[in-house]
Amino acid sequence: MKHRVEHLFLAPFLLFLAFFELYPLTNMAVRSFLDETSQAFTLRYYLNIFTQPHYVTAIRNSLLFASACSLVGAVAGTFVGYIAVTLPRNQRNFLLSLYSLPLTLSGLVVAFAFIVLLGRNGVLNLIVQRLFSLPRDFYFDIYSWPGLVVVYSFYQVPLMTLTMAAVFENLDRSLLEASRNLGAKPWQTWRYIIIPILAPGFLAGLSIQLAGMLGAFGTVLALVGGAKNLLSIQIYYHTSESTYNLPQAAALSITLIILIGCVLYALSRMEKKLRPGG
């Protein structure tokens, strides 16, 4: 009887899951197979994704953009995480608390902040131009692909730092001491002990970043609108613009979900193989 009463507390969660997760996903999947006018079953919208060049380009751009942002964030975040655990506890806690702030900010706020700092007439670009007497048309372009990678690093580096700081903190120091006692050089300690131990945590953090970046939307839209062809932008335009086509948007959304699932599955398999005893 006691367990039955406890199960009742799951009801709000199950209702939320049903109405805000399962129903929208099911409805979206069904719509992606129904013709917009006749409501007959069709695979046309999925065939469009893999035959029309702008959709193929959107998939390619999403994968490349997500990979670039995630790798920059993963590498930089790993180094910052390593530095963080070498600091005294008070300084480390302050740094990690500071690094958690970007994760709470709206994408729109971040976009306008970078426009002020690194836009064509941004503060940092103007300072560099005046310091080095550079022409006005010489500036860092945050509206380019490299610029967008830099902007999204504002999110990715802190996220990976928080992940890797925990991994470094839990690193077994006795293994490092044993390596030194046996005469291993620093690079050998990193190559044969630290990197294999950190690899599963690194891949776990990388998977979190990739999943988020494949669906990157708000900041990109605020900065460049539809100038950059990404899957998320294509979905947005098919639901709110003159190109309104809900079944096509549903098919693109399902494709994006499957793409994220495949990437996460591949990284999960790699993480299990690298895990000690995996």
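Two helices whose axes form an angle over 145 degrees count as roughly antiparallel. The exercises below apply this and other cut-offs to a predicted model.

**Exercise 1. Determine how helices α9 and α10 are oriented to each other, and which residues make the contact between them.**

Solution. Begin with the two elements themselves: helix α9 covers residues 173–181 and helix α10 covers residues 186–214. Their axes come within 11 Å and cross at roughly 170 degrees. Because that angle lies over 145 degrees, α9 and α10 are roughly antiparallel to each other. On the side of α9, the contact is made by Leu 175, Leu 176 and Ser 179, while α10 contributes Thr 189, Ile 193, Ile 194 and Ile 197. Sorted by class, the residues of this contact are five nonpolar and two polar, with no charged residues.

**Exercise 2. Describe the surroundings of Ser 232, and decide whether this residue is buried or exposed.**

Solution. First locate the residue: Ser 232 belongs to helix α12, which spans residues 231–240. Its relative accessible area is 9%, and since buried means under 20%, Ser 232 is buried. Next look at the partners: when neighbours within four places in sequence are left aside, Ser 232 is in contact with Gly 215, Ala 216 and Phe 217. With one of these, Ala 216, there is a polar contact, in which the side chain of Ser 232 reaches the backbone oxygen of Ala 216 at 2.5 Å.

**Exercise 3. Find which residues have the most contacts inside the largest nonpolar core, and list what Tyr 152 touches.**

Solution. The largest nonpolar core holds 56 residues, and those with the most contacts inside it are Phe 65, Tyr 152 and Leu 223. Taking Tyr 152, and not counting residues up to four places away in sequence, one finds that this residue touches Phe 65, Cys 69, Met 213, Ala 216, Phe 217, Gly 218, Thr 219 and Val 220. Ala 216 and Phe 217, both on this list, are also among the contacts of Ser 232.

**Exercise 4. For Gln 39 and Ser 133, state where each residue lies and how exposed each one is.**

Solution. Gln 39 sits in the loop between α2 (11–31) and α3 (44–51), and its phi is near 65 degrees, a positive value in a residue other than glycine. With a relative accessible area of 48%, Gln 39 is partly exposed. Ser 133 lies in the loop between α7 (123–131) and α8 (145–169), and its phi, near 55 degrees, is likewise a positive value in a residue other than glycine. Because the relative accessible area of Ser 133 is 66%, and exposed means over 50%, Ser 133 is exposed.

Technical notes: Residues numbered from 1 in each chain as written. Predicted model: local features only at pLDDT ≥ 70, side-chain atom pairs only at ≥ 80, totals over all residues. Heavy atoms only, no water. Helix = DSSP H or I, 4+ residues; strand = E, 2+ residues; numbered from the N terminus. Buried < 20%, exposed > 50% of the residue type's maximum accessible area, 1.4 Å probe, protein only. Polar contact = N/O pair within 3.5 Å; in protein donor to acceptor, adjacent residues only side chain to side chain. Contact = heavy atoms within 4.5 Å. Core = buried A, V, L, I, M, F, W, Y, C linked by side-chain atoms within 4.5 Å. Axes fitted to C-alpha atoms, helices over the stretch in contact; angles between N-to-C directions. Parallel < 35°, antiparallel > 145°, perpendicular 65-115°, else oblique. Nonpolar A, V, L, I, M, F, W, Y, C, P; charged D, E, K, R; others polar.
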